Structures are given as C-alpha cells and as structure tokens.
Amino acid sequence: MLTSINPLVERTRSNRWSITAIYFFVGSLVGGAVLGLTSGALGQLANADDYRTPFAVSIVAVSAISLLHEANVTLPLRWWHRQVNENWLSSYRSWVYGAGFGIQLGLGFATYVVTGLVVIVVFASAATGDALTGLAIGAVFGAVRGMSILVGLNVDTPAQLRSRMAAIERLATPARFLSALALTTIGIAVAINAT
C-alpha cells in the first residue's frame, strides 16, 4: 500500500494524499466496525453466554497457532491471500479507492490475512454477546489498521520512498515479536478468564 498511496504517487495522479488518507482511514474504521458489529450480533443471537467456553477455547487455539506462525514455526497454515484491486487506482477518484481500500482492510478478510489477530477480533466480538460491544472492538481494530496509511506521511521523493520501505523491512522482526507478544497475552487472558 505504501508504494500505491503516498504523497509522491498521489501528486502524479493530481490528487491530494491527505484527502485519500482520510477516506482510507474512515473506510477502515467503518469496515472494522461492520466486522465487529456483525460478529457481536451473531454472538448475541447465539446467546454467547452459553458458548463462552467454546469461544474462549477458540481464541486460545487461534492465539497459540498464530503465535507459532509468528515465531516462524512451520505450520500448514493457509491464510487468506487476496490483494485489493490496483486497477482502482487508475479507474476511480481518490476518495473511491481510498475508502474502498480502507473498507477492505477494516473488514479483515477482504485482503491478506497475515496474523491471527484478525480471527481473534471476530471471536472476541462474538464472545461479548453484544452487538454494540462488538462494534466497539471492531472499530478499534479498523482504526488501528487505518492508521497504517500514515506510514506514507511525508514521502515526497523516490529516495524517501525507498528509505521508508527499507525502514519497514528492518521493523519486520520487531513487529513479528510484538504480534507474538500480543497473541500470547490475549491467549493467557482468555484462558484465565474462562476458568
């Protein structure tokens, strides 16, 4: 996304990056809210209290599998692989592809799923047994994902873009560690709460 939507590239399309970024963020927030609301409503319909233990077991299992995945343990995982349609960049106005890409990112499963946190958001929202609480969980998830657009902030030259991409590559290992730590924390918290 950094190579597709940044100030440098948006200028070549005669667009303002700030406008595209706002639509991207709002789209991601809305997509996450829809994901959480839907999951929470399904939990509410299923009377999540009756299924609290299976939800907890599911969250712990997803956390453990994802932790192993993040730790580079070879697992037979097939995360969802789908890229947003880059043809939108040349076919639509910036607010359309900004919001469209954001919504897909916020929905979690409409693009690449590279971490179990996406799955955990669904289970956690459903486990609340409340549509509005699920909406809040999903909105936070979408907002955090939407902030990823800020990685492109102040990229005005090709050299800055290359430098930013290199910096992201250097942060890959620490990011995997933080993700693994988050997954471990979620798994432990859910296991303690379920007992």
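**Aromatic pairs and helix H2**

A search through the whole of this predicted model turns up four aromatic pairs. Take Tyr23 and Trp95 to begin with: their rings sit 6.0 Å apart, centre to centre, with 50° between the planes, which makes the pair a tilted one. This pair ties together distant parts of the chain, as Tyr23 belongs to helix H2 (residues 17-45) and Trp95 to helix H5 (residues 94-107), with their positions 72 residues apart. As for solvent, Tyr23 has a relative accessibility of 36%, so it counts as partly exposed. Trp95 is partly exposed too, because its relative accessible area comes to 45%.

Tyr97 and Phe101 make up another of the tilted pairs, since their ring centres are 6.2 Å apart and their planes meet at 45°. Here the two partners share helix H5, where they are four residues apart, or about one turn of the helix. Tyr97 and Phe101 are both buried. They also belong to a wider group: together with Trp88 and Tyr92, Tyr97 and Phe101 form one aromatic cluster.

Back to helix H2, the home of Tyr23. How far should the 29 residues of H2 span? At 1.5 Å a residue, the expected figure is 42 Å, and the C-alpha atoms at the two ends of H2 lie 41 Å apart, so the model agrees with the expectation. Just after H2 comes Asn47, which takes a positive phi of about 55°.

Notes:
Residues numbered from 1 in each chain as written. Predicted model: local features only at pLDDT ≥ 70, side-chain atom pairs only at ≥ 80, totals over all residues. Heavy atoms only, no water. Phe/Tyr/Trp six-rings, centres within 6.5 Å; stacked < 30°, edge-to-face > 60°. Buried < 20%, exposed > 50% of the residue type's maximum accessible area, 1.4 Å probe, protein only. Expected span 1.5 Å × (residues − 1).
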